[in-house]
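User: I'd like to practise reading a structure feature by feature. Could you walk me through this one?

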Amino acid sequence: MSSDAFRLLGLDRRTATEADVRRAYAEKLKVTRPEDDREGFMALRRAFETARETVRWDVQDTYDSGEDDAGNEADAAPPEREDYDPPADSMDEAATWQPPAPEVDPVDAAYLRLVDLLTSPWGASSMAALRAIIDDDAVSGIDEYQQLGGELRHFLCDRTGMFLDGNTGVNLPGWLSLAVFDTLDDHFGWTRAQPANRWLTRQHDWLVKVRAAIAGEPVQPVAEPAAARTDGETGGGLVWLVIGAAIIGFQVIRFLMNLGG
Amino acid sequence: MTDPSPARTIIGIDLGTTNSLVAVFRDDGPKLVPNGLGEVLTPSAVGYGDDGALLVGRAAKDRLETHPHLTTARFKRYMGTNHEVKLGKKAFRAEELSSLVLLSLKADAEVFLGHSVDEAVISVPAYFNDNQRKATILAAEFAGLGVRRLVNEPTAAALAYGLQDRMGESTFLVVDLGGGTFDVSILEMFSGVMEVRASAGDAFLGGEDFTDALADALARQAGTTAEKLAAGDRARLRALADRMKCQLAEATEAKAEFVLGGEAKPLAITRDAFETLTEPILKRLRQPIQRAIADASLRADDLDRIITVGGATRMPAVRGLVTRLFKRFPEYSIDPDHVVALGAAVQAGLASRHAALDDVVMTDVCPFTLGFETSIEVGEGKFEPGHFSPMIERNTVVPVSRSDTISPLHAAQSVIQLSIYQGESPFVKDNVKLGELRIPLSGGSKADKSVSLRYTYDSSGILEVEATPVATGKMVRVVIEGTPGAIPKEEIEARLRELSALKIHPRDQQENAALMARLRKAFENTLGDRRAMIGRLIADFEGVLHRQDKRQIAEAREQIEGALPHLEHDDVF
């Protein structure tokens, strides 16, 4: 499969680097233009993607985990080739590597402040305080926003019971009011987002359920008038409401007891 | 492949929500084409003139304020829908109004080139869906232009920028906020290849939304609301809001007087107040940017250049947001109003295989996921319809072709009614329906009823769906039935006949029409002595026009153009 791709690009599978693959693709592309030769282009494109993937795997295999590759590591899965043998020096480097600056990461700091604020036992979080943390310039850059949003999403999914064994329904912690959820969701856009991978899609779908559960919760008085919005469910919905309320009550009691102990 | 004879120039067109432009590719690069008034921006406005002939461009834009029922603008937002705009007694679809703008641009290009033109590359927002793209192609056909291809606006912008350093290697992000649409694209350039990595956007977010918000606020200042105003007053207030919005890009405060019911009302807004007012609109810019970067599996630091295009990126708040998100200042070395048209001309040069572009190739992606509706088995023989099954994932390089095999739910079925959708939701109800395909199946309940399904997406972003039942081998192609926004074929022909019967204001009289419209607008926006003087100018000019002496008309025009700036209420200061 991949040898065909390299042949089409006129490259040697054993020696080609990613730069070679790109250069070969660029050359072939100029005589196989998408608007002139659709089929030819589609074949070339497939070959390019396959070859690029292959050389990237190779790099993953042999490259020591130096700074060049640090960014890619999170994205790529570990190599699965049988003959994979981690180079000895990479282990050493990993062991002796030190973070460059000891200062606190602004995203981590914001995350901790948010969790503290949300789960504070001294009553509902103020929306102004919440917004002050998420709107802070230190965490509004593209990458910081992405990271903080991801960590918070995971936190919310975790605290609402998504990762519990055999989970059947949404578990609502007492502090999670509609106002809190909507303020965070409005900022990070979870329920509106269209994530690219299935794992994130699952988390987003879960948060949609969480919101529905909060909105349909009559026991929890919520300051925002948006709480009046109800779902079209009838009949069985009421039973679930009662069950949900019981679960929440239980959670609140358990939470308070934990605090005492 | 194609004959590169100079007489067959393909023109590049930016068909915008607010303004449209046409450009051609020359040996020394892309060149903008001036219109009959000597300007490169032709407002995307259409209306009937006093003589019943249609006016396009600046004259029509100015007449929005004086003749709101006979004039219209911002119709790009209705492309691909059945919405009709009434001008006087006749109702127009967005395709027809767009075709009138295209016709005017085509005439400008023909004068500029000295020969006729019948092919164009037209730019569309990357986030335009299949229906909106097809509507654009139809508009071009109405105007007698074949569309060689559609090019996505941010991609066109990137082409214009990329040409400056064509052999360099870089990754850049284009933020394109136009009058009505918002697009973000990430491109990678290497060895003359320009490759779009990811696109995201919002087809209903643009500079016009900022103007609307400001107009509403100004109406409140004037002690009324935008809805309560008469159509003409509303159009004048909106035009004023637009001028104040532009003023706020330069100054920290804009003041104006609005003549309402014979009374001049003072209006004022500071840049800070404007930014507070438009914060909810501004906030909508973030998500598409985040998504494009996530889809390209990049971090903000990986981007070498951040480029802003589209007139609305002149607003300091928009630039400020981009700077805050990327922690660096965006580039805008090419005029943000011109860059898309220049890029469309580069694409036209590529399409006509211009020798100067031999070493440049551009590849684009489809920004949407394309698929069809399926049912999921929820119990014993029970199926739940409404699920979306993707065929081509978003941000796949185009042209692309993907195939799959589908089967009917029940063995006894004699037909599969396939619904084709575009979107990112797992449920079809949240996605855009593109069409339906009726696939007849033959044989009894024992026969093989699987169908081979193929989706092909071309470089213009147009989808073709084919289905071939394995048993019969008889291919069915997609037929768009009952899709909102698609016009039946017979109706297309009827509308084309009606359009060609319309009387269009001659190009060589555009200057007169535009000046008269400007005079009328000035008359409505002033009071007292100045108003009386403008009234006299109108009467004089009408008299000169009546005599039909070209030399005299030109002289009068020159005089009025000299005097008018002093008389026009400098309503924004």
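Analyst: Happy to; we will go through confidence, a strand and its partners, the core, and the contact between chains.

User: Where should I begin?

Analyst: Begin with confidence, since this is a predicted model. Chain A has a mean pLDDT of 75, and 64% of its residues reach 70 or more.

User: Over which residues of chain A does pLDDT stay under 50?

Analyst: One such stretch is residues 65-95 of chain A, for which the model has 20 contacts beyond four places in sequence. Another is residues 218-239 of chain A, where the pLDDT is below 50 and the model shows 21 contacts beyond near neighbours in sequence.

User: Now a strand. Is strand E2 of chain B largely enclosed or open?

Analyst: Burial counts help here. In strand E2 (residues 19-26) of chain B, 6 of the 8 residues are buried, so the strand is largely enclosed by the rest of the structure.

User: Which strand does E2(B) pair with over 4 bridges, and in what sense?

Analyst: For any pairing, look at the direction, the bridges and the connection. Strand E1 (residues 11-15) of chain B pairs with E2(B) in the antiparallel sense over 4 bridges. Within this pairing, B:Gly12 stands opposite B:Ala23, and a hairpin of 3 residues joins the two strands.

E2(B) also runs antiparallel to strand E3 (residues 29-32) of chain B, with 4 bridges joining them. Here B:Val24 has B:Lys31 as its bridge partner, and the hairpin from E2(B) to E3(B) goes through 2 residues.

Strand E4 (residues 42-43) of chain B is another antiparallel partner of E2(B), over 2 bridges. B:Ser20 is bridged to B:Thr42 in E4(B).

User: How should I think about side chains along a strand?

Analyst: In a regular strand, side chains alternate between the two faces of the sheet.

User: Which residues have the most contacts inside the largest nonpolar core?

Analyst: That core has 202 residues, and those with the most contacts inside it are A:Leu9, B:Leu102, B:Ile122, B:Ala157 and B:Ala344. Helix H11 (residues 339-351) of chain B gives the largest share of this core, 10 residues.

To see one member's surroundings, take B:Ile122: leaving out residues up to four places away in sequence, its contacts include B:Ile13, B:Leu15, B:Val147, B:Leu150 and B:Ala344.

User: How many residues does each chain bring to the contact?

Analyst: Chain A brings 26 residues and chain B 30. On the side of chain A, the elements giving two or more residues are helix H2 (18-29), helix H3 (38-62) and helix H8 (142-159). That side divides into 9 nonpolar, 6 polar and 11 charged residues.

Key
Residues are numbered from 1 along each chain as its sequence is written. Chains are lettered from A and ligands numbered from 1 in the order in which they are written. This is a predicted model: local features need pLDDT of at least 70, side-chain atom pairs count only at pLDDT 80 or more; totals for chains, interfaces and linings use all residues. A nonpolar core is a set of buried Ala, Val, Leu, Ile, Met, Phe, Trp, Tyr and Cys residues joined through C-beta atoms within 7 Å. A residue is buried if 20 or more other C-beta atoms lie within 10 Å of its own, exposed if 12 or fewer, and partly exposed in between; C-beta atoms are placed from the backbone. Two residues are in contact if their C-beta atoms, placed from the backbone, lie within 7 Å. pLDDT is the predictor's confidence in each residue, from 0 to 100. Two strands pair if DSSP finds at least two bridges between them. Ala, Val, Leu, Ile, Met, Phe, Trp, Tyr, Cys and Pro count as nonpolar, Asp, Glu, Lys and Arg as charged, and the others, Gly among them, as polar.
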